[in-house]
Amino acid sequence: MGTMLLFIHGAGGNHRIWENQTRYFSNAVAIDLPGHYAGRGRSTIEGYMEYVKGFCDKRNLKDIVMVGHSMGGAITLTFALTYPKYLKAIVLVCTGAKLKVAPMIFEEIKRNCENLMELMKRYAFSEKTPIEIKNKAVEIMRKVKPEVLYADFEACDKFDVTKSLKKISLPTLIICGKDDLLTPVDFSEYLKANIRNPILRVLDDAGHMIMLEKPEEFNKILKEFVNILRN
């Protein structure tokens with residue numbers, strides 16, 4: 001059995017954002033966090049982390065490369081700090097050590113969630129990303145109930161591991177989009193400066209949804225990282 005890749009989506013997502021990766025990598029699982037297909041959501045990163053741990057325990061998953069996007073990156077960082085023995089490495093995708101959320105996002109979820117979907121098309125992607133890719137991501141987000149989406153952003157807003165990053169000694173890959181407005185490149189550079197010996201890759205013409213915007217480049221970088229782990 002090859003290296004197990006466990007993909008964790010971000011706020012308002014589900015496993016479908018990783019379809020380009022789970023089709024490409026033979027030993028990969030993309031999780032649905034609670035509330036994003038069924039069940040109740042969580043309002044803390046720690047709550048989601050414990051769900052992921054339970055998922056791993058039920059399937060006896062160990063020696064994992066955990067790949068987390070945005071809120072999923074926050075979950076991955078918290079998991080690495082709490083349960084490092086489960087992990088072989090971590091991959092942090094368009095995320096940060098803290099993820100403060102603009103008040104406007106909470107207001108739009110309460111007032112008219114559809115307005116937020118249109119804002120996501122504007123802010124979560126590079127201007128060069130085709131509209132069909134934007135529409136696909138927004139369609140995924142539409143399937144999540146507003147109260148779950150609100151709780152996701154609440155969890156992100158409370159998240160902060162800036163004082164703990166130096167404790168992470170796992171092999172780490174950081175991937176971000178140069179045009180990301182939600183978690184700018186500065187966020188990834190901060191991670192690189194405070195985690196021991198990580199690899200940072202910044203992709204041109206990509207925003208916050210980099211795995212959908214640049215799947216071939218993303219998969220190539222991830223594959224190279226996994227191959228390094230095997231050697």
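The second largest pocket of this predicted model comes out at about 260 Å³. A pocket here is an open set of points on a 1 Å grid over the protein atoms alone, with protein on both sides within 12 Å along at least five of seven lines; its volume is the space filled by probe spheres set on the points, which are joined across faces, edges and corners. Lining residues are those with an atom within 4 Å of a point. For the second largest pocket there are 14 of them, and Gly35, Gly39, Gly41, Lys145 and Val148 sit nearest the centre. By class the lining splits into 5 nonpolar, 5 polar and 4 charged residues, where Ala, Val, Leu, Ile, Met, Phe, Trp, Tyr, Cys and Pro count as nonpolar, Asp, Glu, Lys and Arg as charged, and the others, Gly among them, as polar.

As for ground rules, residues are numbered from 1 along each chain as its sequence is written, and side-chain values use heavy atoms, with hydrogens and water left out. Because the model is predicted, local features need pLDDT of at least 70 and side-chain atom pairs count only at pLDDT 80 or more, while totals for chains, interfaces and linings use all residues.

The largest pocket has a volume of about 530 Å³. Its lining runs to 30 residues, with Ser70, Met120, Phe153, Leu182 and His208 closest to the centre. In this lining, 22 residues are nonpolar, 7 polar and 1 charged. Helices α4 (103-111), α5 (113-123), α6 (131-142) and α7 (146-158) each put in at least two residues, and α6 gives the most, with 4. Helices (H or I, at least four residues) and strands (E, at least two) are DSSP runs, numbered from the N terminus.

On the surface, Met104, Tyr123, Leu181 and Leu182 make a nonpolar patch of about 330 Å². Patches take residues with over 30% relative accessible area and no salt bridge, joining nonpolar side chains (Val, Leu, Ile, Met, Phe, Trp, Tyr) within 5 Å and like charges within 9 Å; the areas come from the Shrake-Rupley method with a 1.4 Å probe. Leu182 thus turns up in the patch as well as by the centre of the largest pocket. Tyr123 belongs to helix α5 and, at 31% relative accessibility, is partly exposed (buried is under 20% relative accessible area, exposed over 50%, partly exposed in between).

The whole structure holds 12 salt bridges, each a side-chain nitrogen of Lys or Arg within 4 Å of a carboxyl oxygen of Asp or Glu. Asp57 and Lys53 pair up at 2.9 Å, N to O. These two are 4 residues apart in helix α2 (residues 45-58), so about one helical turn separates them. Asp57 is partly exposed at 37%, whereas Lys53 is buried at 18%.

Lys178 and Asp204 form another bridge, with their closest N and O atoms 3.8 Å apart. This pair links distant parts of the chain, 26 residues apart: Lys178 is in the loop between β5 (172-177) and α8 (185-194), and Asp204 in the loop between β6 (199-203) and α9 (210-213). Lys178 is exposed at 52%, while Asp204 is partly exposed at 44%.

Lys214 and Glu217 also meet, at 3.9 Å, N to O. Lys214 is partly exposed at 21%, and Glu217 is partly exposed at 36%. Elsewhere, Arg16, Glu19, Arg23 and Lys136 are joined into one network by salt bridges that share partners.

Note on methods:
On a 1 Å grid over the protein atoms alone, a cavity is a set of points where a 1.4 Å probe fits but cannot get out, and a pocket is an open set with protein on both sides within 12 Å along at least five of seven lines; lining residues have an atom within 4 Å of a point. Buried means under 20% relative accessible area, exposed over 50%, partly exposed in between (1.4 Å probe, protein chains only).
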